[in-house]
Amino acid sequence: MGVIVNKENQKDDELSRRITADLRAKAVQEDEGDDVDMVEDARYLKDLQKTNKFGWVWIVLIVGAILSLISMIFL
């Protein structure tokens with residue numbers, strides 16, 4: 001039983017090494033420096049914009065809505 005577990009661990013280690021090597025090669029190939037995690041490469045983020053200077057308004061509105069719900073429940 002120990003041999004089977006050991007073989008599975010070796011397969012997992014080899015797979016992890018290959019994935020790590022591929023990701024490092026891609027990061028070096030792009031050579032952007034500050035965007036090593038490649039989050040911006042995702043397809044679904046292609047047409048999205050970053051939050052502008054009025055993003056704080058959404059936070060204020062959400063907090064206000066939560067406070068109003070809490071006041072309706074307890075009053």
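The fold, the surface and the charge pairing of the chain are described here in turn.

The model is predicted. The protein chain holds two helices and zero strands. Helix 1 covers residues 2-30. Helix 2 covers residues 55-74. Of the 75 residues in the chain, 4% are buried. The chain exposes about 7500 Å². Carbon and sulfur atoms supply 61% of this exposed area.

A nonpolar patch lies on the surface. Its members are Trp58, Ile59, Leu61, Ile62, Val63, Ile66, Leu67, Ile70, Ile73 and Phe74. Together these residues present about 1100 Å² of accessible area. Val63, one of the patch residues, is placed in helix 2. The relative accessibility of Val63 is 42%, so this residue counts as partly exposed. Patch membership requires over 30% relative accessible area, and Val63, at 42%, therefore satisfies that cut-off.

Charge pairing was examined next. Side chains of opposite charge can pair when their charged atoms come close. The count comes to one salt bridge. This salt bridge joins the side chains of Glu14 and Arg17, with an N to O distance of 2.9 Å. The cut-off for such a contact is within 4 Å, so the Glu14 and Arg17 pair qualifies at 2.9 Å. Both residues belong to helix 1. Glu14 and Arg17 are three residues apart, and therefore about one helical turn separates them.

The two partners were also assessed for accessibility. Glu14 has a relative accessible area of 37% and is partly exposed. Arg17 reaches 52% relative accessibility and so counts as exposed. The cut-off for exposed is over 50%. The salt bridge in helix 1 thus pairs a partly exposed Glu14 with an exposed Arg17.

Methods:
Residues numbered from 1 in each chain as written. Predicted model: local features only at pLDDT ≥ 70, side-chain atom pairs only at ≥ 80, totals over all residues. Heavy atoms only, no water. Patch = residues over 30% accessible without salt bridge, like charges linked within 9 Å, V, L, I, M, F, W, Y side chains within 5 Å. Areas by Shrake-Rupley, 256 points an atom, 1.4 Å probe, with all protein chains shown as cover. Helix = DSSP H or I, 4+ residues; strand = E, 2+ residues; numbered from the N terminus. Buried < 20%, exposed > 50% of the residue type's maximum accessible area, 1.4 Å probe, protein only.
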